[in-house]
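Reader: I've just opened this one and I'd like to know where the labels come from. Could you take me through the reasoning behind them?

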Amino acid sequence: MSNDKLIIDSSVLLSELKNANQEMGQVIDSIRQIAQHTNLLSLNSAIEAARAGEAGRGFSVVADEIKKLATRSLTSTKESTKIIENIQSKANEIMAVRTADVAFDTIDKVDRNLFERNCDAQAWAGFDKVKNCLNTTDPDRFSIANTLLKKLVDIYEVYLDLYVLDTEGTIVAAGVHHEFIGQNMADRVWFKEAKSANAISVSDLYLSSLDRLPTVAYTCPIRNDEGHILGYFSTRFNWTFIYDIIESARIGKNGDIFIINNEGYVIASRTRKGILSDNLKHLEAAQLAMKGETYGYIFEKDTLGTKIYGYAHTRGYNAYKGKNWSALVSETL
């Protein structure tokens, strides 16, 4: 048997567990109704036997047996109900833990991906062709840098563009959008943060004014051999690649998954809608995650019924400390 056939889709198992849980609830209702009907039959039999008097003596014996049956039925119903409800409770917990696990796995994969982007920017800021365009007078230095940046964009595929800026924030080289060369970025938040940090700086997700696409900017100082800052190397991560992680998450067909920033705004979702506009901070699960709780789950009721919310807060990865983002996964019971 191939490995592909051995893979178990946990989202299917979760759906089957949910259906079995609902069926157990229906069984409880059926047992309860039978017990109630038996008890009512017992009462009616006793009344009819009393009305019949001496002639109903035989029927009275039957009524007593029905009463005993009704009593045992009610007792058994309570015991069965308690057992089934306990099974349901455990089943709900299993689904909840699984939901939280998916949230944890998702934010961990996001962190690992962004850690790699963090490494890229720092490594490329040290390339000679990048440094040379800022500390030499070679007339070809900028075209050489442009060619290198374009090659990196093509090879790595996950970047919208790469830029080299001088210390004043002016773009002097670009991999894709050469029309941006000469524009000054000194007033942009990502540039100010990098200059203030004097080290690599990672922006939150934002809509780039340069190409109107959601992106994360990694901006790292470019230093000469003596450690003096010559300028800055800045990358634009193509955020759509994060959806490879979102779409691979194994959740039910009616489930949902979100990545939220430290203010609760949605920065990724299964539907790709509401990005940087929808806010989930009204959810208790989001509040717990935003406070820094690493991992957990809660049950919340809404107009559609009860939902499980699994949540996980970023832990960062190695030198990348994360951006205080969180993952939320919801499943309807």
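Author: Here is a chat about how some labels in this structure are earned.

Author: One thing up front: this is a predicted model. The chain has eight helices and 11 strands.

Reader: Okay, let's begin with burial. Why is Thr219 called buried?

Author: Buried means under 20% relative accessible area. Thr219 has 0%, so it counts as buried. You'll find Thr219 in strand β5, which covers residues 214-223.

Reader: Which residues does Thr219 touch, leaving aside its neighbours within four places in sequence?

Author: Among them are Trp190, Ala194, Ile200, Tyr232, Phe233 and Ser234.

Reader: What makes the pairing of Thr219 and Ser234 a polar contact?

Author: The cut-off for the N or O atoms is 3.5 Å. The side chains of Thr219 and Ser234 are joined at 2.9 Å, within that limit, so the pair qualifies.

Reader: And Leu213, why is that one called partly exposed?

Author: Partly exposed is the band between under 20% and over 50%. Leu213 has a relative accessible area of 39%, so it lands in that band. Leu213 sits in the loop between β4 (206-207) and β5.

Reader: How do you know what Leu213 touches beyond residues up to four places away in sequence?

Author: Contact means heavy atoms within 4.5 Å. By that test Leu213 touches Leu160, Tyr206, Leu207 and Ser208. Leu160 is 53 residues away along the chain, and its C-alpha atom is 8.9 Å from that of Leu213.

Reader: Now salt bridges. What makes Lys109 and Asp105 a salt bridge?

Author: A side-chain nitrogen of Lys or Arg has to be within 4 Å of a carboxyl oxygen of Asp or Glu. For Lys109 and Asp105 the closest N and O atoms are 3.2 Å apart, so the pair passes. Both residues lie in helix α3 (residues 57-124), four residues apart, about one turn of the helix. Lys109 is partly exposed at 36% relative accessibility, and Asp105 is partly exposed at 35%.

Reader: How do you know that Glu116 and Arg117 meet in a salt bridge too?

Author: Their N to O distance is 3.7 Å, within the 4 Å limit, so they qualify as well. The burial labels are worth a look here: Glu116 is partly exposed at 42%, while Arg117, at 7%, is buried.

Reader: What about Asp154 and Lys150, what makes those two a salt bridge?

Author: Their closest N and O atoms are 2.8 Å apart, again within 4 Å, so the label holds. Asp154 and Lys150 both lie in helix α5 (residues 141-156), four residues apart. Asp154 counts as partly exposed at 44%, and so does Lys150 at 35%.

Reader: What makes Asp108, Arg112 and Arg315 one network?

Author: They are joined by salt bridges that share partners. A search of the whole structure finds nine salt bridges.

Reader: Where is Arg112, and why is it called partly exposed?

Author: Arg112 is in helix α3. Its relative accessibility is 37%, which puts it between the buried and exposed cut-offs, so partly exposed is the label. The side chain of Arg112 also makes a polar contact of 2.9 Å with the side chain of Asp108. Arg112 and Tyr320 are 208 residues apart in sequence, yet 8.6 Å apart in space, C-alpha to C-alpha.

Reader: Which residues touch the most other members of the largest nonpolar core?

Author: Val164, Phe233, Trp239, Ile259 and Trp325 do, in a core of 47 residues. The largest share, eight residues, comes from α3. There is also a second, separate core of 13 residues, including Ile298, Tyr309, Tyr311 and Leu328.

Reader: Why would nonpolar side chains be buried together?

Author: That is a general tendency in soluble globular proteins.

Reader: Which nonpolar residues form a patch on the surface?

Author: Leu40, Leu43 and Ile47 do, with about 270 Å² of accessible area together. Take Ile47, in helix α2 (residues 10-52). A patch member needs over 30% relative accessible area. Ile47 has 37%, so it clears that bar, and it counts as partly exposed.

Reader: And how much of the chain is buried?

Author: Buried residues make up 43% of the 333 residues.

Definitions and conventions
Residues numbered from 1 in each chain as written. Predicted model: local features only at pLDDT ≥ 70, side-chain atom pairs only at ≥ 80, totals over all residues. Heavy atoms only, no water. Patch = residues over 30% accessible without salt bridge, like charges linked within 9 Å, V, L, I, M, F, W, Y side chains within 5 Å. Areas by Shrake-Rupley, 256 points an atom, 1.4 Å probe, with all protein chains shown as cover. Helix = DSSP H or I, 4+ residues; strand = E, 2+ residues; numbered from the N terminus. Buried < 20%, exposed > 50% of the residue type's maximum accessible area, 1.4 Å probe, protein only. Core = buried A, V, L, I, M, F, W, Y, C linked by side-chain atoms within 4.5 Å. Polar contact = N/O pair within 3.5 Å; in protein donor to acceptor, adjacent residues only side chain to side chain.
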